[in-house]
Amino acid sequence: MSTYLSSLNATAAFLESSSEVTRAEFDRFVSQLEIERYLPGINGIGYITPIQSGQEQQLVDEMAALGEPDLNIHPLTDNAQKYIINRISPIGPNVEALGLDISFEEGRRNSANAARETGLPQLTPRILLVQEHSSQPGFLLLRPVYYNDTGEVRPDPAVSRFKGFVYAPFVGRNLLTNLTANQGVVYQFSVFDGTTTNMDQLIYASESDSEAPSGKYTATYTFENYGRKWTVLYESTLPFEATFRNTMAWTLLIGGLVLSAMLVFSVRSLRIRGDATHELAQLRERQISAREEENRAVVENAVTAVFILDGQRKILFANQAAQESFCYSPRQIKGLLFDDLVSAAHDQDETSGVNATGTTREGAELVLDLHYNEWTTFEGAPRVTAIVRDLTRETEAREEIRITKIRYDQALQGAGIGVFDVNLETGHSDVTDTWREIMGVDPSETDIDAQDNFLSRVHPEDLPVLLANDAACIEGKTARSISEYRIKFSDNEWRWMRSEAVVVNRNKEGKALRMIGTQADITELHNSRHALEASEKRFRQVLSAAPIGMVLMDNNGRFLGVNDAFCALAGYSEEDLLANVRMPDMMSKDERKKLYSAISDLMNSDGSHVYTGEHRIVNSNGTERWGLFHTTWAYDKNKDEHYFISQIIDITDQKKIEQIKNEFVSTVSHELRTPLTSIKGALGLVLATGSDQLEDAKKRLIDIALSNTERLTTIVNDILDLEKISSGEVDFVFQDLDMTALINEAVRENSPFATTHKNTLRFEHPDEPLNVSADFNRSKQVLANLISNACKYSDPETEVLIKAEQLEGKVIVYIQNRGPGIPDNFKPLMFQAFSQADSSDTRAKGGTGLGLNITKQIVTRHQGEIGFESTPDGITVFWFTYPSTAEDTLDDPVAAPNVKRLPRRGKARVLHIEDDYDFAEVVKSGLSKVADVTHAGSLEEARKCIKNGNLDLLIVDWSLPDGDASELFDDIDQILPNVTVLGLSSDGNRRRDSRVTVNLEKSRTELSTIAEYVSSRMAKVS
């Protein structure tokens, strides 16, 4: 058995000598052991690899890469630790064992675990080999293998990493048959696994000759054999017994015992010899491992790529540096032709060491230094070691340095910078061609003394300063010598130069030996600097003399410069402003926040770099003054901060005038619109109630008065709207609306106007909503202006088409009519205020020429666009767009309700809160058929009426002599929580209030519209 163990030790040493042993190499090694001749007791020699559950496919892949493509792991078990036979040779008689997981059977598994834990060879119990078809019993001899991480002669199983088993499968008959010549003739013996002669544990039984029956003498011996106890049973044969007399039985017994003792001694001797062989194998193993580690230290480096090639120059091995350089994994690079990766360079540069080129897996080119070493394996196979040094980065760096030097020289030449190198001991200067060019020296004059030429041409006033700066640098007082001076070129031409020089070499005593420097012609820069100084002086003069306030400020609002106009505005002297006052100190907190926020937004955007805004300034005596700020900014790279320049115009007087104008507009809005609405309503009532009783002439006069009232109302509305929209005083109340519903409402309201002009209105729209965010009333005003214009300028008996659709995130509305069209010379003036194509249109068609200008401003405030197309005597189309919004944000549009009237019980009870008694009387008369109207002219009267209760609807003019009508909401909520509130005032820009159903503007609302709201309210109640 020791001989067999020595073979396993040699196999373990062979496997450990290389990290990758192919199937062919393993078969070749086992065949050299000549198993059939010297080791007849075994079927072959194999290797068992331990793996964890889940690592099966990884092992299969690894073995396939080593030339073992037929590994099939069997049987499938649930064991966490598996022991897989992944090598066996010869393969022919052992093919069933390849891939066997020996942990499937308890005896095999326990023996493997024992060998692993003790580090000693271990026999398995009696088994039937899977590859033995004769059903002869046998066993396995397992020799554990460990990674020798500690370098010890025999690795300690407690601390060393387990690697696997080298093993041999034994068949008892093959091992024990014909051990001696008398076996089966003189005696028979049987071998059992264990301490008993149980036939179930029989490993081998000798077969006697048929002519030699069994005798009557037996002997049993038990001994330890590689972790298993074996029992040997000896039995005498009859021929053996016949050779001795019966009186010699005891002698025979004693002889048998002696023979057994000699057999045990022989087995022991064989074991001792096996141990010696094992020690020899261990020594050989250590020598091989040491040589392997030495080779691995050389080969497995991360700097130089090493390849091992076979006779066909195929890659058998590539170290980590080779894999990384050529971007291949170990499996990918193995088997490739080396010449496909590396080829000799055509133009070899001996100085750079480059003699080959390579190509990575990604196709990148490599610059290489290649060397070969040819050798032969112990089997006589040719091998080549290729050592490849990657010089790609080194070559690229060298080329980059070369290019950088060229660029540096070109940069110096292009920048007009000359270089000089002065030997301070001899006074000799070496200069570049650029220096000669700067100094106007002919490059061909090589014998000229550059230092003498230079010093002789320096301006007499500048030479002492230059020499003093050089001396300070030479003596070590300053790090650099920097000077600006004039060089003479002709009797009338002096050019400015600037030089910078440093000492680059000193002796041990610190004496300067060499100075290198640069020189540049700065004449243009010098002149530009003087021009800049003159320009700055003129700028400061302009700043000081400007009639409007001018200031220069830093990031913190500190004044860097101010002029007299701003001092007058601020009430401070220039000294106080520059020393003690900042711009933020002259503004309230709200004004500062508004100014800072606006300028910050502009600075963070890519838009305008000029901020314009109006802000209040508190001057030295505490008086507020209004200033119109025009502020811009610039970045100071030297200080890494911005500075700000502001023009501040005193607009205090303009603000006062604007306030007077606003008060006038408010007065006109209330005092002019209300009487006009009253006149219009009264004339309408006269025509509506008594037209049948009037003579035609009187009826005609009333029609004329009503028409002119409407015209005057339109003029007043347009002028006031233009003023408020242009000044930005109109607050737009944006809400999510359906443009389709909005246009339907406009078409309904303008249908009577179209009928008057003998036109019809038609509206086309898609089925889905057209969602926009818009001001309801102002959008209706846009539609009314465009529809009324289309009707005015349409041919009689024609159709005005209104069409709406959604296109690329916008809702677009078209108003189309057929008529005379727009003259070409008027098209550029179409949206200007007070513009009409023909002055006669004012009387013939009516209007002020403001409608389209107002319409454009409203559309622009909605972030939309407006335009038109027109052909003479043909079709004219006006269009405008609004940005569309998501459908799920749509609110219920606030529009005049178009509710089907239901039968109701009695009239509505209405309280009209209005300080104009004439207008109140007109409204009361206009609503007489649908409501009982009570009038209140002040807040006090309104509160009394509200306390009495019993009201269905309130019509409110917000501006009252004793306050704003919104003060009544608390009383309304408490006493009349279900009452409907309608706003009816001259203020068309009233902010929306959820408690107010709708805000109507007096001059834009017909009595019939008010009556419709009242009727709708009663219809809902009933």
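**Exercise 1. The chain as a whole**

How much area does the chain expose, and what share of it do carbon and sulfur atoms supply? Then describe the make-up of the chain.

*Solution.* This is a predicted model, in which local features need pLDDT of at least 70 and side-chain atom pairs count only at pLDDT 80 or more, while totals for chains, interfaces and linings use all residues. Residues are numbered from 1 along each chain as its sequence is written, and side-chain values use heavy atoms, with hydrogens and water left out.

Step 1. The exposed area of the chain is about 55600 Å², and carbon and sulfur atoms supply 51% of it. Accessible areas come from the Shrake-Rupley method with a 1.4 Å probe; for residues, only the protein chains shown count as cover.

Step 2. The chain has 1022 residues, and 42% of them are buried. Buried means under 20% relative accessible area, exposed over 50%, and partly exposed in between (1.4 Å probe, protein chains only).

Step 3. There are 29 helices and 40 strands in the chain. Both are DSSP runs numbered from the N terminus: helices are H or I with at least four residues, strands are E with at least two.

Step 4. Among contacts with a separation of 6 or more, 59% are between residues 24 or more positions apart. A contact means heavy atoms within 4.5 Å.

**Exercise 2. The nonpolar cores**

Find which residues touch the most other members of the largest nonpolar core, and follow Ile-743 outward.

*Solution.* Step 1. A nonpolar core is a set of buried Ala, Val, Leu, Ile, Met, Phe, Trp, Tyr and Cys residues joined through side-chain atoms within 4.5 Å. In soluble globular proteins, nonpolar side chains tend to be buried together.

Step 2. The largest core holds 40 residues, and those touching the most other members are Met-739, Ile-743, Ile-802, Val-813, Ile-815, Phe-880 and Tyr-882. Helix α23 (residues 776-792) gives the largest share of this core, seven residues.

Step 3. Beyond its neighbours within four places in sequence, Ile-743 contacts Phe-763, Leu-783, Ile-802, Ala-804 and Val-813.

Step 4. A second, separate core has 34 residues, including Tyr-4, Val-30, Leu-123 and Val-166.

**Exercise 3. Strand β6 and its partners**

State whether strand β6 is mostly buried or exposed, and name strands that pair with it.

*Solution.* Step 1. Strand β6 covers residues 162-171, and nine of its 10 residues are buried, so the strand is largely enclosed by the rest of the structure.

Step 2. Two strands pair if DSSP finds at least two bridges between them. Strand β1 (residues 45-52) runs antiparallel to β6 and is joined to it by three bridges. In this pairing Ile-48 stands opposite Phe-165.

Step 3. Strand β5 (residues 137-146) is also antiparallel to β6, with nine bridges. Here Leu-142 stands opposite Tyr-167.

**Exercise 4. Salt bridges**

Which parts of the chain do the pairs Arg-486 with Glu-461 and Arg-909 with Asp-952 link?

*Solution.* Step 1. A salt bridge is a side-chain nitrogen of Lys or Arg within 4 Å of a carboxyl oxygen of Asp or Glu. By this rule there are 37 salt bridges.

Step 2. Arg-486 and Glu-461 form a salt bridge at 3.1 Å, N to O. Arg-486 sits in strand β19 (residues 481-490) and Glu-461 in the loop between α14 (450-457) and α15 (463-474), 25 residues apart. Arg-486 counts as buried because its relative accessibility is 18%, whereas Glu-461, at 58%, counts as exposed.

Step 3. Arg-909 and Asp-952 meet at 3.0 Å, N to O. Arg-909 is in strand β34 (residues 908-913) and Asp-952 in the loop between α27 (939-948) and β36 (953-956), so this pair ties together parts 43 residues apart in sequence. Arg-909 is partly exposed at 33% relative accessibility, and Asp-952 is buried at 9%.

Step 4. Shared partners join Arg-480, Glu-484, Arg-498, Glu-500 and Arg-529 into one network of salt bridges.

**Exercise 5. Backbone details**

Find where a cis peptide bond joins Ser-89 to its neighbour, and describe the phi angle of Glu-808.

*Solution.* Step 1. The bond between Ser-89 and Pro-90 is cis, with omega about 0 degrees. Pro-90 lies in the loop between β2 and α5 (106-118).

Step 2. The bond from His-74 to Pro-75 is cis as well, with omega near -15 degrees.

Step 3. Glu-808 is not a glycine, yet its phi is positive, near 50 degrees. Glu-808 is in the loop between β30 (798-807) and β31 (810-819), and it is exposed, with a relative accessible area of 77%.
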